[in-house]
Amino acid sequence: MSASPLILHAPVDGVVVPLGEIPDPVFADGVLGDGIALDPLDECLYAPCDGEVVQCARTRHAVTLKTQAGVELLLHLGLDTVELGGEGIELLVAVGDRVATGAPLFRFDADRVARRASSLITPLIVTAADGWRLAKPSHAGGARVVRGEPLLELAQEVSTVAVTVQRDATGPTATRRLTLALRAGLHARPAARLRDIARRHAVSMTVKHGGGAAEADSISALLNLGLVEGDALNVTARGERAEAALEAVETLLTTREADDHTVPSQTVADDGPLGEGELAGLVAGPGLAVGPLVAYCPPLPRVPREGEGEATEWPQLQQALSRAGEALAQAEAQAARQGQHGEAEIFGAHRAWLEDPALADAARAAIRAGRSAGQAWREALDDEAERLAGSGNALLSGRIADLRDLQQRVMALLAEPGQQDEAEVPEGAIVVADELTPSQLVALAKCRPAGLCLARSGTTAHVAILARARGIPCLVSMGAALDRARSERAVLDGERGHLEVSPSAARLAEVEASLAARRHQVEEERRAAHLPAVTLDARRVEVCANVGSPAEAEMAAQAGADGIGLLRSEFLFLERSAAPGEDDQAHEYQASMRALGDKPVIVRTLDIGADKQLPYLPLPAVANPALGVRGVRLWQRLPQLLETQLRALLRVEPLESLRIMLPMVSEVSELVAVRRHLDSVAQELGLTVRPQLGVMVEVPSAALCAASLAEEADFLSIGTNDLTQYTLAMDREDPDLAARADVLHPAVLKLVQATVEGAAGRCPVGVCGAAAGDPLASLVLVALGVDELSVEPARVPTVKAAVRRLDAGRLAAELPALLGLADAAAVRARLTSWQTAQQDTTTTITERLPS
């Protein structure tokens, strides 16, 4: 006997809109699931069926219900309403509430919401229908329905075929046995990714090793398994997408990690004897620093010990956890926009750990025992830190600082008024601490310390990654002797791994002279940054900036950039529940244009795929994402995304300064198709001016066919990062290959040469990859004939100075010999010798500045 059908009732009076006609590809393409939409004619949305509220959007615009049969339904008020931040919306339910059909879920001010959202069209999506099938809607598009009348019907699927996989209440079960390949073990960041995979595929997941097991939704439980490289484990997934989830898990756990801020090659202290007053440590961040030793020991925020009962304290803790999560999400998004991907991952891992149900359960138990919300959180994390410390696993012990970070963050939100103490550190100090949390390091960095010495921690700790990312010389694992170190003038030698507590006057003079010379050089470069970059043999080279936000565009203008060589539009699409609308995009693009005045701004269209994913645009799992649907290829799958982005770009002023760049173009037909579409949209908008349209040269086929591309393109820009990995067949994310994936390999340089020669007389060629900022590679690129180098904003003055010291013609004469060498190492060695020989013949920056 088949089960009774599940009827979904209209949640509001409205007009039916078929899912495929919703002006948002995430809904229209069924990315989130099947369903229907209504254009509401009332200002309150009601429950379409009986169920439990399992999720409420922080911005109050969406509610997810789960029926007794396990079907999950998303009711999403309007499109792009997440941007309202809850303005004009009143949520009437909370997570955990059980509601009956017709119960009110949220009210909204239609006028206020409509003014800021792109549409009031409200989708009703079946996001999880385990064992149920959605029947064809009974209402056609344009039909008017009354709240409460039947709208959709789900029927339970009945199969007569024998099922070969085990099933439970949540769907099919699949298991894989894997060997962990992560060199740092299953630490917080991959644990957070594991949890995200389970959520993205809507499966429950269990990891087993030896006699231990952990659910993927608990970061603490995963870490407490103590998994290290080489461990064998079983991963079980339950749900309709179990196999797809396990594919992603296998890729994650059996692929060796890459890190944006890799540990320096010299991580151990010098083997030589320590001098008097010297302490040794591991080098976590190279460099040289002089300054007073200043102890940093911020106390935990003061919170009440005893609470006022669970009814009062538990909601307070939940609110604090939510606020801390939002702050971490903002920090993660900002780091991602600035290209600090290692830092973004750390904040993401902390956010995942903050949501760990095991920690919340422990804190709630302490609240029930009479503790305040703040004290309960403190005790829960103290207990967890004690477990990690007693594990005997150095990697897990290294994560204690991350726990302390979460402890500090949440307790600060629950601290008594006026009880939050701030530790002060003078600028230029060498900070001495037992250990630091990542957020403490971020706060300290604003004080501009000269260096950092930690008694504990390690070179792979998150605080070490952050120190390297900021260029702060840092020593770790210095031991208890560091507590007794006192000095008004110490030297931190991040090359030898020594802290010189009592350096001689001669040593201080030597170090200070070296630092002064560097400061002088930097000041000269900054002073000349707004002037043109012209080589010794009178070649003008544009030096532009790679940016990811209007704020970075402002930094680029201040740094003297000749324009924006790469605006990564992905920053607009990150940390959202849906793709940004046309208005939002136009506003952000215009802000970047405004920052540069009338200088050219190149905006790269959305480059998502391969190693960069958006949770609301899931792409099919493929064996090699780097060779899959990404860049310009994405538009064939999701054309509405390109349509919206082009419309937004065509609204900026002046259009004459705008350049649109297409990523991952492999043949001229892709460029021709986009140009036709661009012309069509511009004509529809009544525009007579067209922005320039160019392509990124990132794959060998584009370099080898540069002549045909240049016939259609207004400019070419070489993305050396991808061009190098595709040419050498070396994944740029693989740490074992990072040193060999060098743009100065003769094969890569020959493709750059082919691009320049193919474009000669047709269109200019720039470089926006990492090679543009490489001290040696940038010189070769200029000698090969590129017209523009685009680098991070802070590098603009230095790169301009290097161009002014270059005789491009002389280096061009060396190119045949360079291109004939065997490998990148030989090219670098030859270039270094050539550069040293030329130093005596170049004039200084100040002698060559235009009057």
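Reader: Along strand S1 (residues 6-9), which side chains point to one face and are buried?
Author: In a regular strand, side chains alternate between the two sheet faces. Strands here are DSSP runs of E, at least two residues, and helices are runs of H or I, at least four, both numbered from the N terminus. Buried means under 20% relative accessible area, exposed over 50%, and partly exposed in between (1.4 Å probe, protein chains only). In S1, Ile7 and His9 point to one face and are not buried, while the buried side chains on the other face are Leu6 and Leu8.

Reader: What pLDDT do side-chain atom pairs need in order to count?
Author: Residues are numbered from 1 along each chain as its sequence is written, and side-chain values use heavy atoms, leaving out hydrogens and water. The model is predicted: totals for chains, interfaces and linings use all residues, local features need pLDDT of at least 70, and side-chain atom pairs count only at pLDDT 80 or more.

Reader: In S14, which residue is the bridge partner of Ile7?
Author: Two strands pair if DSSP finds at least two bridges between them. S1 and strand S14 (residues 150-156) have 4 bridges and run antiparallel. Within S14, Ile7 is partnered by Glu153.

Reader: Which residue in S10 stands opposite Leu91?
Author: Strand S10 (residues 104-108) pairs with strand S4 (residues 44-46) over 3 antiparallel bridges. There, Cys44 faces Arg107. Strand S8 (residues 89-91) also joins S10 through 3 antiparallel bridges. Opposite Leu91 stands Phe106.

Reader: By how many degrees are neighbouring strands turned on average in the sheet S21-S26-S25-S24-S23?
Author: This open sheet has 5 strands and mixed pairing. Its edges are S21 (282-285) and S23 (293-295), each pairing on one side only. Axes are lines fitted to C-alpha atoms, for helices over the stretch in contact, with angles from 0 to 180 degrees between N-to-C directions. Direction ignored, the average turn between neighbours is 25°.

Reader: In S26, which residue is the bridge partner of Leu282?
Author: S21 and strand S26 (residues 474-476) are antiparallel and joined by 3 bridges. Across that pairing, the partner of Leu282 is Val476.

Reader: With which residue does the side chain of Thr236 make a polar contact?
Author: Thr236 sits in strand S19 (residues 232-238) and counts as buried because its relative accessibility is 14%. Contact means heavy atoms within 4.5 Å; beyond four places in sequence, Thr236 touches residues including Ser204 and Met205. A polar contact is a pair of N or O atoms within 3.5 Å; within protein, one must be able to donate a hydrogen and the other to accept it, and residues adjacent in sequence count only if both atoms are side-chain atoms. At 2.9 Å, the side-chain partner of Thr236 is Thr175.

Reader: What is the C-alpha to C-alpha distance between Leu831 and Ala777?
Author: Leu831 belongs to helix H27 (residues 824-838) and is buried because its relative accessibility is 3%. Leaving aside residues up to four places away in sequence, Leu831 touches Leu744, Leu776, Val780, Leu811 and Leu818. Leu831 and Ala777 lie 54 residues apart in sequence, and their C-alpha distance is 9.0 Å.

Reader: What positive phi does Gly785 take?
Author: Helix H24 (residues 777-784) is mostly covered, with 8 of its 8 residues buried. Among them are Ala777 and Val780. Just after H24, Gly785 has a phi of about 110°.
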